[in-house]
Amino acid sequence: MIKKIFVPIDTTAIALGSNVVAEIFENALKENGSDIQLIRNGSRGMFWLEPLIEFENNNGRFSFKNVVPSDVLPIMQLLEADDFENLATGNEKFLGNTKEIEYLQNQSRLSFSKAGIGDPLCLENYTALGGFKGLKKALGMKPQEIVDEVKNSGLRGRGGAAFPTGIKWQTVLDTKHPKKYVVCNADEGDSGTFADRLLMESDPYQLIEGMIIAGAAVGSDQGYIYLRSEYPYAHKTLNTAISKCYAEGFLGKNMLGSNISFDLEVRLGAGAYICGEETSLLESLEGKRGMVRSKPPLPAIEGLFGCPTVVNNVLTLGAISIILGQGATFYQDFGTGRSRGTLPVQLAGNIKRGGLIEVPFGVTLKEIVEGFGNGTHSGRPIKAIQVGGPLGAFVPKQQWDTPLDYEAFSAIGAMIGHGGIVVFDETANMFDQARFAMEFCEIESCGKCTPCRIGSTRGMEVLDKIGLQQDVDSNLILLEELCDTMENASLCAMGGMTPFPVKSALELYKEDFTS
Amino acid sequence: MNYKAEILDIVRDHIDMEGSLLPILHAIMDRLNFIPEEAISLLAKKLNLSSAEVSGVISFYHDFRKERVGSHKVQICRSEACQAMGSRDLEKHVKTSLGIDYGESTKDQLIYLEPVYCLGNCACSPSVRIDDDIHARVTPDSFDNLISDIKLSKTRDEDLAR
């Protein structure tokens, strides 16, 4: 008979009704006087199947997809049976053993290996699944040894810029200063990305562990997670996770009896996309307008409140606990070229099987969009794929064989960024998307540099003229020149890369601009 | 109305934090639904900043507002993934059915409408956030149902109060 029921508690599952389903199961179990345990687990990231409810008996864990309230009663009648999985086979929503779902089987889950397994806030569960192994190892290592391990893993920043993490840490370690900070960039603003959110909601301790290790490596006793305010559930989960860590001695003074101390706090952003840029994020953490800083000085030398600061993305810090726990060589063995390890890819937009897939670098876009994604949600042909968020280029069909690899993508003028892939079907108008790119930049520019602040406004105006078919040829030249100026003269990637989607839309879908 | 006591309470709770201005402004928003004019000089004094600096921070971030707005915040995601799933049509419907544009509140001060740029729910677009609840695969019909629920619970609350 069934012993445990798992109902996911991540944003997407809840947005699709998992809380209601959980409540109905809970009431039904109570009415029956059943001692079956209902666990609110994280999500496995197969979002098109959510709410994906799992049932555990001695033979394993079995799932039902897209469970709605009316499905509960028929499922309840199967729970006492010895052969749950055989009886359930007749139900059209039954998927069989969760482990055998192809979408999961074809992934290499390292960072997301624990996501969706159990209650994200249960410390015993986290430890049982190998959590804190990396931290315990790190506590017995010298700071330089930890940094070397990270360097050897080949880990590069997962936020988008792909800077080698070990080198960043080395700079902070080498900079002598009485106060240093570890800042987690959890301002995941790119449309089509949700990997940070999923990790924070489904496996928050992994991030916390990574931050403590970072602190031990560079000699910092204070960490901040700068979380975007658009993630209310992640906010609650992180705050609860942090207080549990304090209660169990994983955070605070003399952590786990060592001579290392580390404090951690979540700070909420306030709806500004630009605060995902690290220097703007630091300004915001200091309580100021999120204006981008000029570099140098690098944040690793003069960061938060002028102190040496590690600024890493959620996934980067999450990977740290895997690298320390399982060793740099283990991590390094995944991937291709200079892109080592795995990349959590997020399949979004008009896609049939959207969700999070963690794959080694080297997998092609085609394998992801067609293999995992299975085409568009609407069933119409794919028109465009935007990789890497609102600043990423549209990748044309003839380049879908490009392997996911930072260098290979930059060679075709595209970028992997934070691993978000947004699919559009043939009804999309790419002129509208190009105009939106400029509009978004106009709304979200911090305003510090002219090419971004004024360029985006002029970009919208020029595109509006093109939309009205006014002097199309000369306005297209003007647009191109404007894009060049923004690309070459902007202070940060916001203004510098907004032209990428604009230019690629123009190049690939010119008919949408001239009719 | 005078909000001085409430603002000073909030300042007292946060003053020891590093870079406390954003947490303080969030707390004021949570408590009052807007940031009253008098908060600016109060915060400037307490945090040793100029009024211009405090004003500058308030105006920089979308989350902070100086005007009181409708009690339920409805945010429609305008980002690319949601656009690929029809959010442009959804936002047209929302504006027509509520009779307001972005940045406006309904006449009964029940609903305040705002765009948002990504809720991280991009595999099941289009997404809408109402207060702290996020909704996936929102259609014009399901949106209208969500609004009816808000109206219903308001009527229920009023009945209970009576």
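In what order do the elements of chain B run from the N terminus on? They go α-α-α-α-β-α-α-β-β-β-α, which adds up to seven helices and four strands. Keep in mind that this is a predicted model. Below is a quick tour of chain B, its interface with chain A, a helix pair inside chain A, the salt bridges and some backbone oddities.

**Chain B on its own**

- If you want rough dimensions for chain B, its C-alpha trace spans about 50 × 45 × 25 Å along the principal axes.

**Where chain B meets chain A**

- On the chain B side, 39 residues are in contact with chain A, and they touch 60 residues there.
- The size of an interface is often given as the accessible area lost when the parts come together.
- For this pair of chains, the buried area comes to about 3900 Å², and carbon and sulfur atoms give 55% of that.
- In chain B, the residues that lose the most area to chain A are Glu18(B), Phe60(B) and Glu80(B), which together make up 18% of what that side buries.
- Polar contacts are there too: the rule finds 30 residue pairs across the interface, with both partners at pLDDT 80 or more.
- As for which elements do the touching, α2 (21-32), α4 (51-60), α5 (80-83) and β4 (133-135) of chain B each bring at least two residues to the side facing chain A.
- Sorted by class, that side of chain B has 20 nonpolar, 10 polar and nine charged residues.
- Between chain B and chain A the salt-bridge count is one.
- A salt bridge links the side chains of Glu439(A) and Arg78(B), with N to O at 3.0 Å.

**A helix pair in chain A**

- Two packed helices are described by the angle between their axes and the distance between the axes.
- Here, helix α2 (residues 18-31) and helix α3 (residues 69-76) of chain A pack at about 35°, and their axes are 9 Å apart.
- The crossing of α2(A) with α3(A) is right-handed.
- From α2(A), the residues in play are Val20(A), Val21(A), Ile24(A), Phe25(A), Ala28(A) and Leu29(A); from α3(A), they meet Pro69(A), Val72(A), Ile75(A) and Met76(A).
- What classes of residue make up this contact? There are 10 nonpolar residues, with no polar and no charged ones.

**Salt bridges overall**

- Counting over all chains, the rule gives 34 salt bridges.
- One of them pairs Arg156(A) with Glu407(A), whose closest N and O atoms are 3.0 Å apart.
- Arg156(A) sits in the loop between α8 (143-153) and α9 (165-174) of chain A, while Glu407(A) belongs to helix α17 (residues 406-411) of chain A, so this pair ties together parts that are 251 residues apart in sequence.

**Backbone spots to look at in chain A**

- Most residues other than glycine have a negative phi, and most peptide bonds are trans.
- Lys295(A) and Pro296(A) are joined by a cis peptide bond, with omega about -5°.
- Going on from Pro296(A) to Pro297(A), the peptide bond is cis as well, with omega near 0°.
- Where do these prolines sit? Pro296(A) is in the loop between α13 (278-285) and β9 (309-313) of chain A, and Pro297(A) is likewise found in the loop between α13 and β9.
- Leu256(A) is a residue other than glycine with a positive phi, near 50°.
- You'll find Leu256(A) in the loop between α12 (232-247) and β8 (263-268) of chain A.

Conventions: Residues numbered from 1 in each chain as written. Chains lettered and ligands numbered in written order. Predicted model: local features only at pLDDT ≥ 70, side-chain atom pairs only at ≥ 80, totals over all residues. Heavy atoms only, no water. Axes fitted to C-alpha atoms, helices over the stretch in contact; angles between N-to-C directions. Left-handed = near helix turned anticlockwise from the far one by under 90°. Contact = heavy atoms within 4.5 Å. Nonpolar A, V, L, I, M, F, W, Y, C, P; charged D, E, K, R; others polar. Buried area = accessible area lost by both parts, 1.4 Å probe. Salt bridge = Lys/Arg side-chain N within 4 Å of Asp/Glu carboxyl O. Polar contact = N/O pair within 3.5 Å; in protein donor to acceptor, adjacent residues only side chain to side chain.
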